[in-house]
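Please open the model in your viewer and switch to a cartoon view, with side chains hidden for now. The stops below say what to select next and what is to be found there.

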Amino acid sequence: MLEPLPHIVSAAARADFKVHIGWSDGSAHIFDFSTVPEVRPACSQMKDIAFFEEALRIGMRGRSISWGGEIEYCADSLWYRAHPEAYRRDFPAYADQ
């Protein structure tokens, strides 16, 4: 059984469409969301820097971040993006895909 992953304790949007996330284990990571609107047209609101900075919220119990209640990223998926070694450890059958 997998141990629970750290949860999000802080999230700060930056003017370059990046988000600085602080985790419950004390680590931090910066995620680049600048290409999201082009890759996912449903996220086109994220092109507006005012929306990007002002609408960012941390979800209940730090399990996600979201913008405007419609655009949401799961904390676990973000954690694994920031810590690929943890993904390989926890999901070895999928690590090379």
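Keep in mind throughout that this is a predicted model. For the first stop, select F17, which lies in the loop between β1 and β2. Although F17 is not a glycine, its phi is positive, at about 65°.

Now extend the selection to the strands on either side of that loop, β1 (residues 8–13) and β2 (residues 18–23), which pair in the antiparallel sense over 5 bridges. Together β1 and β2 form a hairpin, with 4 residues between them, and F17 belongs to its turn. To follow how the two strands are matched, show A13, which stands opposite V19 in β2, and then move to A11, which stands opposite I21 in β2.

Next, add β3 (28–32) to the view. Which order do the strands of this open sheet follow? The sheet has 3 strands in the order β1-β2-β3, with antiparallel pairing. β1 and β3 stand at the edges and have a single partner strand each, so one side of each is left without a neighbour in the sheet. If you turn the sheet to look along it, the twist from one strand to the next averages 20°. As a general point, the strands of a sheet pair through backbone hydrogen bonds, either parallel or antiparallel.

For the last stop, select R61, which is found in the loop between β4 (56–58) and β5 (64–67). R61 has a positive phi of about 60°, although it is not a glycine. Is R61 buried or exposed? With a relative accessibility of 64%, R61 counts as exposed, because the cut-off for that class is over 50%.

Conventions. Residues are numbered from 1 along each chain as its sequence is written. This is a predicted model: local features need pLDDT of at least 70, side-chain atom pairs count only at pLDDT 80 or more; totals for chains, interfaces and linings use all residues. Side-chain values use heavy atoms; hydrogens and water are left out. Two strands pair if DSSP finds at least two bridges between them. Buried means under 20% relative accessible area, exposed over 50%, partly exposed in between (1.4 Å probe, protein chains only). Axes are lines fitted to C-alpha atoms, for helices over the stretch in contact, and angles run from 0 to 180 degrees between N-to-C directions.
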